[in-house]
Amino acid sequence: MSLKAVTYCKQYRRANVHTVGCNFKCKGCPYISNKESTHQELGIEQVKNALKSLNVKWVHFVGGEPTLCQNLGTIATFCHEELDVKTKIGHSMGWNMPPDDIDAMHITIKAYSDKIHKEYTGVSNSRVLDHFRRIYDQGITATANTVFIPNLIDTDEVENIARFIAEVDPQIPFHIIGYMPVQGMPWHSPDQREMEDVKQTAEKYLEEVTTSCFQSLNEYHQKVKENPVYQSVRVA
Ligand code: SF4
């Protein structure tokens with residue numbers, strides 16, 4: 001799995017290192033149509049040089065699944081030792097444990113029930129749940145999310161995920177993403193009442209629960225464009 005791009009958000013002094021590849025096969029993946037798209041691979045020196053040229057406070061790794069990228073550890077160590085900046089895996093299914101020199105990690109728990117997890121993603125969740133606990137125990141700042149899909153990853157399932165996270169630490173922030181309809185899939189996007197209900201259910205266990213829900217990738221990209229937190233330019 002390889003390195004694809006480096007982007008930079010000047011306002012928040014955050015660089016994003018984009019990796020390619022994901023070993024999950026989620027039925028509702030919004031990126032399914034471009035998962036095999038070709039890209040120019042970046043060399044590790046190109047990434048290091050790009051990061052060196054920026055005024056950064058944080059370096060985020062995003063995928064796909066960044067823990068599949070064999071250069072992740074080298075770049076994270078470079079960030080700590082040469083740049084003296086913090087590192088975060090900004091999006092991961094926790095498939096592999098993070099390497100040394102990762103300060104924070106945002107982990108998606110797709111489902112608590114192994115049966116539903118396998119049905120939806122094609123893989124078991126046992127290592128994801130195990131890694132989640134171990135990542136927290138190692139002192140890495142953990143945050144979590146899930147995708148709420150009525151009639152599949154339903155309120156009961158989200159409740160089980162919230163309970164599991166609370167057993168690790170009820171102060172771990174948890175974000176619930178409403179399912180975005182994907183062509184050919186039978187599920188609908190949750191309405192406002194369903195989003196409020198699932199949020200209240202998770203709040204029985206966790207102190208910090210937030211939600212978001214978009215009807216299409218276009219709507220999502222538009223919101224991202226308007227939010228300064230996500231505005232960034234490509235630098236490599
Ligand atoms: S984990 Fe994310 S990128 Fe990978 S298949 Fe699932 S939705 Fe798509």
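Okay, quick vocabulary first: Ala, Val, Leu, Ile, Met, Phe, Trp, Tyr, Cys and Pro count as nonpolar, Asp, Glu, Lys and Arg as charged, and the others, Gly among them, as polar. By that scheme, the shell around our ligand has 6 nonpolar, 1 polar and 1 charged residues.

Before I go on, this is a predicted model, so to speak about it: local features need pLDDT of at least 70, side-chain atom pairs count only at 80 or more, and totals for chains, interfaces and linings use all residues. Numbering runs from 1 along each chain as its sequence is written.

So who's in that shell? Around the ligand sit Cys 22, Phe 24, Lys 25, Cys 26, Cys 29, Tyr 31, Gly 64 and Met 93, where near is a C-beta atom, placed from the backbone, within 6 Å of the molecule.

Zooming out, the protein has 7 helices and 9 strands; these are DSSP runs numbered from the N terminus, helices being H or I with at least four residues and strands E with at least two. The 9 strands make one open, mixed sheet, ordered β8-β7-β6-β5-β4-β3-β2-β1-β9. At its edges, pairing on one side only, are β8 (209-213) and β9 (233-234). Pairing here takes at least two DSSP bridges between two strands. For instance, β1 (residues 3-9) runs antiparallel to β2 (residues 14-19) over 6 bridges, and Ala 5 has His 18 in β2 as its bridge partner.

Last bit, overall dimensions. The C-alpha trace spans about 45 × 40 × 30 Å along its principal axes.
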